[in-house]
Structures are given as C-alpha cells and as structure tokens.
Amino acid sequence: MPETTEQTQAPQQFQPFVPATETRPELTFRALLLGSLFGILFGAVTVYVGLRAGLTVAASIPISVLSISVLRALGRASILENNIVQTTGNAGQSIASGVIFTLPALVFLGFDLEYARIFFLALIGGWLGVLFMIPLRRQLIVQEHGTLTYPEGTACADVLLAGEHGGSFASRVFFGLGLGGIYTLFQNDNLFGAWPGTPDYQPKWLKGAAIRADVTPEYLGVGYIIGPRVSGVIFAGGVFSWLVVMPLIYFFGSHLPDAIYPGTKPIAMMSPSELWASYIRPMGAGAVAASGLITLLKTMPTILGALRSGAKEFGKGASKTAALRTDRDLPMSVVTFGSAALVLLMFFFLTFRPVPGAQTTLLSNLAASVLVVIFGFLFVTVASRIVGLIGSSASPVSGMTIATLMATAAIFLVKGWTAPAFGALAITIGGVVCVAASNAGDTSQDLKTGFLIGSTPWKQQLALMIGVVVSTFVIGATLNVMNKGLEKFYDTSRSWDIAVPHEGVKIQQQHFQHARIHVIHADKTSGPVVGQTSDERDAGRYVLLNAVGSHELADGKYLYNPETHRIEVQWIQGIGSEKAAAPQARLMATVISGILSRQLPWGLVMLGVFLVIAVELLGIRSLSFAVGAYLSIATTLAIFCGGVVRWMVDRAVSQSSGRTAETESEISPGSLYASGLIAAGGIVGLLGVALKAYENFFDKSDLLLIPATNPLHHDWVSVLMFALLAFSLYYFARKPLAHPVEPMPNSDDPKTNG
C-alpha cells in the first residue's frame, strides 16, 4: 500500500469511537462470563471442525454478533463490554487451532494424548503469545495504524459499531444454528443416522477410485466462508488424489502378488480408503510440508522486517507510563516475570511429568524450555506483523511450526538425541510455539479492534489471559473425546511371534487397559457398511502392540492374543482416522520421523514435494491444494459444495446490484448464516461423539441410531437433504440484513484510507 502523509500522521490524529477521556463499563463480570462461555463453545467447535476438515475459521465476528444480542437482552450494554466478550471468547478458537495442528502428532508417533499435557502446553503457549505481544502493541497497532490494516480486527470493529448504533443481525446466526442443529441430529451416524452420513460411489469403470461426501453443515459453512476459489483448489487436490493417483496405483499395482511398502497387503485387496491411508497420506504430508515451507519463504522479507521492528521496539514498547486510558498496557514486569515463570513451569512439567514411555534428561528438558522462548518470541513477532498485512487466515503458522520442528530436530540429531522420546519432546516444543504464534496473531486482531473503538489495552490483555485459561480446560477434553468416540476395533488375523524382535513394533501394554471391546467384522476403511456385525470381547487378555515405521504392519495399534499367537484386532484411534484426519498434525509427525528416525516412505513424500512445486509453477497457492490432496475426498467435496453456493450468491448479487463479488464480506448475511451452520455442526457433532464415547465406556451401542432398514437410509436421500440445506444457505445469503454493516466512517480508518 503506498504510504501517504495522512497515514503517516494517523497515530496522532486518530480518535477512537470511545474517547480516551470517557469511561464506560468494560471488564465486567458478565462480559468475562459470557466471553468464557463463548471461548469454551468455539474452542470445542474449532477442535472438532479442524481435526475433520484441516481448516479453521475466525470466531471473532460470530462471537461479536451473538454478544451484542445477548447483552442487549440482559440490559444496556457498552460497546467496550461487547469487545471484552469477543476478546475473551476468541482466545478459545486461536488456542484450539495451535493445539490441533501439532499435539495430535503424539498419537501418530505412538504416544498417548494426556489431558494434563494438553492443558499445560496450551496454557504455556497461549500465555506466551499474549505476553510477548504486549511490548509490540504500541508499535504494531498504534504507530503503524495506517500501514497494518489487521482486516479481521477492523471488520470486528465494524460489527461492534453497527451494534452500538442499533444494528442486529444475530437472527441470521441463530437460523443457521437451528436448522444446522436439526439437520445434524438426523444426519450424524452417532445420533439418529436417519440417512447415510457419507453417500459413497465406487465406480467399477475406475478401480481404486471413490466419490463420496461427508454431507455435514460445518463443511458446507466452511466452504461458503473460504469462497469458491479456495474451496475449488482444495477439491482439486482431492480429485487429483482420489480420481487420478489412486486409480493409477490400482492400475499398475493390482497385478502384483505382494504388498508394496508402506501398504501391508496386496493392492488388489485394498479398498479406496486403504489406498488413501497407505499411499496418499505420506504423499499428502510431503505436499503440505513443502507448501508450508514455500509459504514461509515467500513471506521471508516480511518476516525479516518484523524481526527488525520487533527487536527495535521490544525493549521500549511497554516501558513507558501512559497517561491516557487507551494507551495503558500491562506493565513490562508482568511480561518479564510472567515469561520467566512460564519457562520454569515448562521445565518442571517436562521433568516431573514426561510423556509416558518418553523419558528425557534434565539437559534436554532445559534445552526444550530455552528453545520455546527463542522460537516463541521469534514467531510471535512474525505472526503479529504478518496478520496485520494479510490477515489471520493467510498467516503461515504451519510453516513457522515446521521450521521450528526442523531446527529442533536438527539440534537433537547433532546431539545424538534420536530416540522416540525426543520425537515427543520436539512435538512438545513445536506445539507450544504453534499455540503462541496462533494466539499472538489473534491477539493482535483483538487489540486492533480495541484500538479502533477505544478499549483499554491492559483490560483486553487480562481478558485474553483469562480466555486462554478457560478455553484450555475444554480443548484437551474435546481432543480425548474425539479420539475415544471415533475409535473402532476391527477383526483381523495375522500370525505373530512376539518373542522375535520386529523393527518398528513394540509392546506398549502387557494387558490392554480396556474392560470389554466391540470388535467389528467388516472392511475397516471401505466406508459405511449396512448390517455390519460385531462381537464383544474381553480386552484384558490381549497384549497391546504399537507399530510406527514398520514394514510388516501399518502404523497404528494392534491387539495380540498370547493364547493363539496371533494379532486378532486392529485398533483404529479416532484421531488419524478418515473421520478426523488431522492433516497438519500428521505432517508434524512426518517431519519428526523423517529427521530423527529416517523411517519414511521417502518416494511418496518426495512425490508430494514435487507435486507442490508443479502447482506453484502454475501460479496456484499450493497450501490449499496440498491440504486437499491429503484429506479424504469426502471432506473436500462437501467443502466445495459450500464454495459453489458462495459462487452462485456472488453471481446473483453482482447481476442484481452491479456490485462485485468482493462485497460478500465476513459480515454478510451468508457468512453469518454459514457461521451458524459451522457452530451447529460442531456442537451437535460433538454431542454425537460424546454419546459414542459414553456407549463405548459403558458397553452400550447405538442408543439413538435409527435402524438402517428405515426407508430414508439411501444415498439419494442423503444427497437430497444436503441439497436442501445448501438451498437454505443460498436463500438466507440472498436475503439482506435489516441493518447492513458499513465500514467505520473515520477517515483515519485503514479500510477507508486505502
């Protein structure tokens, strides 16, 4: 953006909506309580949607919209109170994003997800993101007001101002919540399951391929919000994997009698989902890693500029004593001593509560704590500036995390720390840094919103830290509920000599710590199976085996029967399954395994790398394509349907009013309705997962499920219902808001300043 004299002088001339001399209710108990509730809600929804779709969407706009209506119903509300609500609540979404992109990698490395570990690492990363941002606020938010636009923060300020002037648009969100919730109740396989949750077509004329869609409201909403361009690129990646590469694998490999690594059975015997799990996921992980690094390299000039500015301003940014209410940060002593306390907490937690089966030394724990501070400050500075230029959705947080993991793993490799325990330690470091960078980006957006409307910075910073604490309670619980609720035990039979060492296979438990398990007799990855049978078995008689990087068994966990000397059950955990693929976390595990253990199908990984290079040469942003290539086509096709609805709405709006597609903003009627669909799908879907976990724990099954023999249980019914839901999105997107949101009328606002 060309710099103007007006923009250069903006920090002195800018007057927020609420003047610094005026005091209004702000950090009130009801604002913190409501914000905490929204943080819990949107944190859980972000975990659910992010693990399934590999994407997250900003929560500040829907939280602001809901806050305006709720506080208005409770009595006269201040705009500053509403800002505290969205600031507190938005912490849940940003913390959840950082957690799900990294910490589930522990599952892929063969370790367990512990609630206490997720809680403390998310807490440390979240607080570091807030603390490191405090001394940068004056430089990034105030001094560079005319240069760094912070698009999401500015849009959120527009919503709050419209609410202050009487605008009300929460009804559009509530319509999405209501219709989406009812739809999910009947569609979800863990609830009523009245019609198939995933209609599936496997063409006989294209062996190895499959066309299927998870017809959920959250995917439809995500596709609408990200738009036709991005959703189309994501779907293109899915088409390439499922309709090009997988049929090629089947065509050339179906005549081979033996399994081809990393597969564990002949290709002719594999279903499409098994082809995806064995061959596409390693290729997709290589593609996502390469695209993340390319994105990081593209933003390197911005990163270097951010580091120079951050180093210059860090020491003096928050040290001044500000007389104005709107310029008071938390004191620098809080930043210094708080950061030191978090580093000590990290060290003691790693020392006295190591990952089970991953014991590390005092030196390595100290090194990990120091690396967290170094990489944390580095990427908090980078993320805070980058989101001001290009927005939170385009911030290369995954690329920064990959860089952290590669640097950490390289240091461990030089030191000779290559045991599996150090892989878990590297993921721990990457997880904290990723959470810190993710939260710092959203913290910057929130502080920008506060700057525009006239909030008190230290009150926002305190609200952010409270929001971090509250949301971390639910994020770890949601991860574990999804891991347990989506888990499956499948019958298998394989002769196994447990007395002979097998590379990549270890005994994890001599007696499997489950009471009883329901073992399914079905193809474990071929999609929904009508009338599948199962039997109940005593789990205590089994030995739990853990396979990582084995040439004999696919990565995962298996139950071995010492009496029959056979592996009789494969345990498919929820995280990593087709229903919760967690692509970014799989990528992090791939990076660690590739560097420390060097046990990777490098041919497939490099295929993904060069695929991304080819896509970049075509002038397409490769990260979206790479994520689509990794995910199941069931996910990408449903997201693409949302993008198609957005394209239809944009086209209709431009034809009727002459406006361009860009006018369909984050606070348009369609985006608000789509946010309601996402929240509904996440909330009701999580209830279904929790019900399934309850059924597994108490040895019950299908408490609410309508039998598959009901007349609605056909794929065409599923497609029809999804089409009706898509039509409701189109209808409400075309219906204008009663009080349309206009940009801030201040001449110093970056949106009107160009």
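The following legends describe close-up views of a predicted model.

**Figure 1. Overall composition of the predicted protein model.** The protein contains 25 helices and nine strands. Of its 754 residues, 60% count as buried. The accessible surface of the protein amounts to about 28,400 Å², and 66% of this area belongs to carbon and sulfur atoms. Among contacts between residues at least 6 apart in sequence, 82% join residues at least 24 apart.

**Figure 2. Helix α23, residues 669–697.** With 29 residues at 1.5 Å a residue, α23 should span 42 Å, and the distance of 42 Å between its end C-alpha atoms agrees with this expectation. Because 23 of the 29 residues are buried, α23 is largely enclosed by the rest of the structure. The helix is followed by D699, whose phi is positive, near 55°.

**Figure 3. Helix α4, residues 60–74, and the elements that cover it.** The 15 residues of α4 should span 21 Å at 1.5 Å a residue; the end C-alpha atoms are 21 Å apart, in agreement. Eleven of the 15 residues are buried, so α4 is largely enclosed by the rest of the structure. Among the buried residues are S60, I61, P62, I63, S64 and V65; L66, S67, I68, S69 and L71 are buried as well. The cover over the buried residues of α4 includes α3 (29–53), α5 (79–100), α9 (151–164) and α10 (170–187). Helix α23 also belongs to this cover. After α4 comes G75, with a positive phi near 130°.

**Figure 4. Surroundings of T87 in helix α5.** T87 is buried, with a relative accessible area of 0%. A polar atom of its side chain lies 2.7 Å from the backbone oxygen of N83. The side chain of T87 also makes a polar contact of 3.1 Å with the side chain of Q460. When neighbours within four places in sequence are left aside, T87 is in contact with D446, Q460, A463 and L464. Q460 therefore appears both as a polar partner of T87 and in this list of contacts.

**Figure 5. The aromatic pair W276 and Y630.** The count of aromatic pairs comes to 24. In the pair of W276 and Y630, the ring centres are 6.4 Å apart and the planes meet at 65°, so the pair is edge-to-face; the cut-off for this class is an angle over 60 degrees. W276 lies in helix α12 (residues 272–298) and Y630 in helix α21 (residues 622–630), so the pair ties together parts that are 354 residues apart in sequence. W276 is buried, with a relative accessible area of 2%. Y630 counts as buried too, at 0% relative accessibility. In addition, R281 lies over the face of W276, at 5.1 Å from the ring centre.

**Figure 6. The stacked pair F375 and F379.** These two rings are 6.4 Å apart centre to centre, with 10° between their planes. F375 and F379 lie four residues apart in helix α15 (residues 362–390) and are therefore separated by about one helical turn. An α-helix has 3.6 residues a turn, so residues three or four places apart point the same way. Both F375 and F379 are buried.

**Figure 7. An aromatic cluster and a charge placed over a ring.** Y115, F119, F120, F349 and F473 form one aromatic cluster. As a separate feature, the charged end of R586 sits over the ring of F108, at 4.0 Å from its centre.

**Figure 8. Backbone geometry at P262, H565 and A582.** Most residues other than glycine have a negative phi, and most peptide bonds are trans. The peptide bond from Y261 to P262 is cis, with omega near 10°. P262 is placed in the loop between α11 (217–253) and α12. H565 has a positive phi, near 60°, and is found in the loop between β8 (556–561) and β9 (566–572). With a relative accessible area of 47%, H565 is partly exposed. The phi of A582 is also positive, near 50°. A582 is found in the loop between β9 and α19 (583–597) and is buried, with a relative accessible area of 1%.

Conventions. Residues are numbered from 1 along each chain as its sequence is written. This is a predicted model: local features need pLDDT of at least 70, side-chain atom pairs count only at pLDDT 80 or more; totals for chains, interfaces and linings use all residues. Side-chain values use heavy atoms; hydrogens and water are left out. Helices (H or I, at least four residues) and strands (E, at least two) are DSSP runs, numbered from the N terminus. The expected span of a helix is 1.5 Å times one less than its number of residues. Buried means under 20% relative accessible area, exposed over 50%, partly exposed in between (1.4 Å probe, protein chains only). Rings of Phe, Tyr and Trp (its six-membered ring) pair if their centres lie within 6.5 Å; planes under 30 degrees apart count as stacked, over 60 as edge-to-face and the rest as tilted. A charge sits over a ring if NZ of Lys or CZ of Arg is within 6 Å of the ring centre and within 35 degrees of the ring normal. Contact means heavy atoms within 4.5 Å. Accessible areas come from the Shrake-Rupley method with a 1.4 Å probe; for residues, only the protein chains shown count as cover. A polar contact is a pair of N or O atoms within 3.5 Å; within protein, one must be able to donate a hydrogen and the other to accept it, and residues adjacent in sequence count only if both atoms are side-chain atoms.
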